[in-house]
Amino acid sequence: MGKKELKFNSKAIHGGQRPDAAYGAVMPPIYQTSTYAQPTPGAHKGYEYSRGGNPTRTALENAVASLENGSFGMAFGSGMAAIDAVLKLLLPGDEVICTSDLYGGSYRLFKGVYEKYGVKFRFSDMVDMEELASQITENTKLIWVETPTNPMMNIIDIEAVSKITKQHNLLLAVDNTFATPYLQRPLDLGADIVMHSATKYLAGHSDVVVGALAVKDEKLADQLYFVQKSSGGICGPMDSFLTLRGIKTLHVRMQRHCENAELVAKYLENHPKIDKVYWPGFEHHPNHKVAKKQMEGFGGMISFVPKGRNYEEAIKIVENLQLFTLAESLGGVESLVGHPASMSHGSIPKEEREKNGVVDALIRLSIGIEDAEDLINDLKQALN
Ligand SMILES: *Cc1c(COP(=O)(O)O)cnc(C)c1O
């Protein structure tokens with residue numbers, strides 16, 4: 001049976017992988033080398049210099065492509081380097097429409113770096129497709145979607161957006177970091193490019209910073225490989241190995257992340273000291289129907305606002321948590337808590353931030369794979 005026909009859990013372990021050609025190593029060896037011997041100039045075994053390609057990185061790139069049902073994968077030194085490579089497909093004067101509730105680092109790269117080069121960014125909540133379409137001009141080249149959004153957990157209908165991008169001949173890129181291919185496969189829903197901060201769930205152990213892209217189209221892949229090789233924001237062999245090792249348990253971890261998050265979300269929803277809980281699994285979540293349609297679970301991320309919407313109160317809760325570690329990042333086996341307004345989203349102006357609901361009292365949880373009861377008990381003591 002070809003590996004293309006494997007189901008997801010099998011692909012997480014075997015997708016794009018085969019034992020190493022040299023000695024049959026089952027795990028891809030860490031080819032910690034910058035260069036490769038050539039018997040005669042120009043003759044090589046597929047690798048010349050590790051910026052252009054490295055066998056450990058290739059193994060990771062193939063694995064990500066396989067999980068996303070893509071044909072080509074690219075691995076980068078960070079999620080931001082992966083986004084940067086996509087933006088380098090653009091020219092001065094081009095326009096991008098992106099999700100208004102965006103990861104803070106993406107916002108910073110768009111506004112702080114690419115606007116300088118004459119690329120224009122428009123923002124849309126992407127709920128009303130007519131509103132989204134009305135922002136398209138003759139210069140629009142790319143629609144950048146993040147779903148679920150960080151940290152407000154809004155859900156955007158990828159298939160509906162892809163109808164618009166196909167109609168107007170635009171590229172559609174989806175940041176799939178929060179959902180992972182276990183829950184959502186944007187390429188199957190009509191996206192051209194899927195992007196990951198593999199730092200988060202794909203690697204899953206809070207020990208690397210890695211980014212990845214996957215695409216179906218060969219011409220688009222060639223353009224991205226050209227940028228990857230030319231700009232050089234590549235992922236090293238050790239980090240490629242660690243990310244691959246993480247991917248082999250992605251399905252098992254995601255299942256537990258989802259189960260635990262559901263229990264924690266429901267606990268918080270019923271807590272008298274909580275004003276609002278953002279989790280797409282609630283039937284009253286404004287985009288619950290879309291989440292149910294395009295995702296196979298609701299993920300491990302939850303945001304909430306304590307009653308009174310008081311900044312000091314939120315900080316006290318965050319500081320009181322003991323099992324949850326106060327730290328940037330998400331998607332690791334351990335539970336983390338973050339304060340978006342001063343951490344992940346600090347680079348977005350307060351006014352912009354609050355328009356999207358990222359108030360000073362908002363708290364974000366990355367639910368790990370510990371025992372849910374312990375996580376709930378920790379929240380209970382911190383809220384009291
Ligand atoms: C973390 C993150 C990024 C950036 O990835 P890095 O690996 O930190 O460079 C991009 N998008 C989302 C949704 C993220 O959570």
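Which helix and which strand each supply at least two residues of the shell around the ligand? I began my entries with this question, keeping in mind that the model is predicted. Looking through the shell, I found that helix H3 (79-87) and strand E6 each meet that mark.

**Entry on the ligand shell.** I listed 16 residues around the ligand, and those that come nearest are Gly 79, Asp 175, Ser 197, Thr 199 and Lys 200. I then went through the polar side chains one by one. A polar side-chain atom of Asp 175 lies 2.7 Å from a nitrogen atom of the ligand, while Ser 197 places a polar side-chain atom 2.8 Å from a ligand oxygen atom. For Thr 199, I noted that an N or O atom of the side chain is 2.7 Å from an oxygen atom of the ligand. The ligand taken alone exposes 380 Å², and the protein buries 93% of that area.

**Entry on Lys 200.** I looked up the record next: UniProt, in an unreviewed entry, places the feature "modified residue: N6-(pyridoxal phosphate)lysine" at Lys 200. In the model, I located Lys 200 in the loop between strand E6 (193-197) and strand E7 (211-215). Is Lys 200 buried or exposed? Its relative accessibility is 10%, and because buried means under 20%, Lys 200 counts as buried. Leaving aside neighbours within four places in sequence, I recorded contacts of Lys 200 with Thr 177, Ser 329, Leu 330 and Gly 331.

**Entry on Thr 177.** Since Thr 177 appeared among the contacts of Lys 200, I followed it up and found Thr 177 in the loop between strand E5 (171-175) and helix H7 (180-183). At 6% relative accessibility, Thr 177 counts as buried. What does the side chain of Thr 177 reach at 2.9 Å? I found that the partner is the backbone nitrogen of Ser 197, and that a polar contact of 2.6 Å also joins the side chains of Thr 177 and Asp 175. Thr 177 thus has polar contacts with Asp 175 and with Ser 197, two residues that I had already listed around the ligand. Not counting residues up to four places away in sequence, Thr 177 touches Met 195, His 196, Ser 197, Lys 200 and Tyr 201.

**Entry on helix H3.** I returned to H3 and noted that the helix is mostly covered, with eight of its nine residues buried. Among the buried residues are Gly 79, Asp 84 and Leu 87, and Gly 79 is also one of the residues that come nearest to the ligand. At the start of H3, I found a side-chain oxygen of Ser 78 that reaches to within 3.3 Å of the backbone nitrogen of Met 80.

**Entry on helix H9.** I checked which elements the buried residues of helix H9 (residues 237-247) pack against, and these are helix H1 (8-14), helix H2 (55-67) and helix H10 (250-269). The buried residues of H9 include Pro 237, Phe 241, Leu 244 and Ile 247.

**Entry on Ser 134.** I placed Ser 134 in helix H5 (residues 129-134). Ser 134 is exposed, with a relative accessible area of 57%, and its side chain reaches the backbone oxygen of Glu 131 at 2.6 Å.

**Entry on cysteines.** Counting pairs of cysteine sulfur atoms within 2.5 Å, I arrived at zero disulfides. I also looked up accessibility: Cys 235 counts as buried at 2%, and Cys 258 is buried at 14%.

How values were computed:
Residues numbered from 1 in each chain as written. Predicted model: local features only at pLDDT ≥ 70, side-chain atom pairs only at ≥ 80, totals over all residues. Heavy atoms only, no water. Buried < 20%, exposed > 50% of the residue type's maximum accessible area, 1.4 Å probe, protein only. UniProt positions renumbered as here; feature names shortened; annotations may be inferred. Helix = DSSP H or I, 4+ residues; strand = E, 2+ residues; numbered from the N terminus. Contact = heavy atoms within 4.5 Å. Near = heavy atom within 4 Å. Polar contact = N/O pair within 3.5 Å; in protein donor to acceptor, adjacent residues only side chain to side chain. Areas by Shrake-Rupley, 256 points an atom, 1.4 Å probe, with all protein chains shown as cover.
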